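Visitor: I would like a close look at a single part of this structure. Please take me through one helix and its surroundings, step by step.

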Amino acid sequence: MEQGVDESERLSKTLHRIFLFLYLQFAFYWATIAAGMLVNYYYAVPADLQSDFASIFLQFFAAPSLFAHVAFAVLSTGMSIPAIILARRVRLSQVVYLHAGAITARMVGFVCGPLFMYFSTSAVADPYAANISTFVMASVFLTAVILTFMSRIFIVREDVRIKYVVGAHPMTGVR
Amino acid sequence: MRLPGEEIGDLGLQGLRLTLTLCYINFVVYLAIYISGMYINIYITSGVNTISIGDPSNIIHMVGATLNFAFTFIVMMVGFLYGMRRVALFSLGAVASLVVATVGGLLFLATGGGRQSGDLTLAGGWIMSLLFMLALFLSYYATLKVMRAVRILEATGRTE
């Protein structure tokens, strides 16, 4: 009985740590959007930008809004790593898969962002491909947000199970 | 029913499930607004063109925003009337954000509707997008609170 209660407390603490990382992740998501809006409305790809990797990469440091957008995107993606580690500890496989999916979606976004710049350079000048790149970038961002939102549903479910099913009946608790 | 540290409210399991369904529908509408907004931003204005209030994609966008407001307002009232303070406050924040975001959107349209229309237009667009995302997050937290209440009632086998 004592062991069951200790186990419940340990699980509960781990779940609350995951909650903390998810709060941070959502704050960073929001900051990414805020900076993204600044980029969207105030930043323009310079006419003299070269269509090579180094020039495009250096653009991330050219404007504060662009730098903030990328930095917050990296931070929000990074928050999925501790969430995955902690979710593995409490054997919440759905949360692990959802966050792995979110990271994968963001990786696609990290490719499409620079691609937008590449297609916007005067040497390439392909507005159709630039539009598609932006659309994909925004779509995978939303996919990542939805996946991490969904992960919280499973964490809440598990938290309630620990408190009201396992906590109440330690030997018979079922998922 | 009162459980320490939890907000179950007085709505009962059936009512909470209905509210949760409304919250999920609200998310589908949020998704429609995000996609239509993204479409307008990328394919209609494309950084230089303007958009008018009567554009079909803009009408879809505004109808979606109105539905979002209505659904979020209902969830807020459920929170206030049935003793779920956090649901009410998160939804109140979302409703306020949606109102200011709508003002931002109208400012965007009224001052030109294009990114080259001037600083006021840009500010309107920026406020609209930022507060929409804030409303989405606040609605999400309200949804989680409703979902938690449903799960608790289910786990404890109570229906009221």
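Guide: Two residues are said to be in contact, or to touch, if their C-beta atoms, placed from the backbone, lie within 7 Å. The model we are looking at is predicted, and the part I have chosen is helix H4 of chain B, residues 119-156. H4(B) has 38 residues and reaches 56 Å from its first C-alpha to its last, which is close to the 56 Å expected at 1.5 Å a residue. Along that length the helix is mostly covered, with 27 of its 38 residues buried.

The covering leads us to the largest nonpolar core, which has 84 residues, and to which H4(B) gives the most, with 18 residues. Among the residues with the most contacts inside this core are B:Leu131, B:Phe132, B:Ala135 and B:Ala142, and the list also includes A:Ile18 and A:Ala83 from chain A. If you follow B:Ala142 and leave aside residues up to four places away in sequence, you find that B:Ala142 touches B:Cys23, B:Val75, B:Val87, B:Phe90, B:Ser91 and B:Ala94. Just after H4(B), B:Gly157 takes a positive phi of about 70°.

Looking beyond the helix, the contact between the two chains takes 23 residues from chain A and 22 residues from chain B. On the side of chain A that touches chain B, the elements that give two or more residues are helix H1 (2-42) and helix H6 (127-166) of chain A, and the largest share, 14 residues, comes from H6(A). By class, that side of chain A has 17 nonpolar, three polar and three charged residues.

Notes:
Residues numbered from 1 in each chain as written. Chains lettered and ligands numbered in written order. Predicted model: local features only at pLDDT ≥ 70, side-chain atom pairs only at ≥ 80, totals over all residues. Core = buried A, V, L, I, M, F, W, Y, C linked by C-beta atoms within 7 Å. Buried ≥ 20, exposed ≤ 12 C-beta atoms within 10 Å, placed from the backbone. Helix = DSSP H or I, 4+ residues; strand = E, 2+ residues; numbered from the N terminus. Nonpolar A, V, L, I, M, F, W, Y, C, P; charged D, E, K, R; others polar. Expected span 1.5 Å × (residues − 1).
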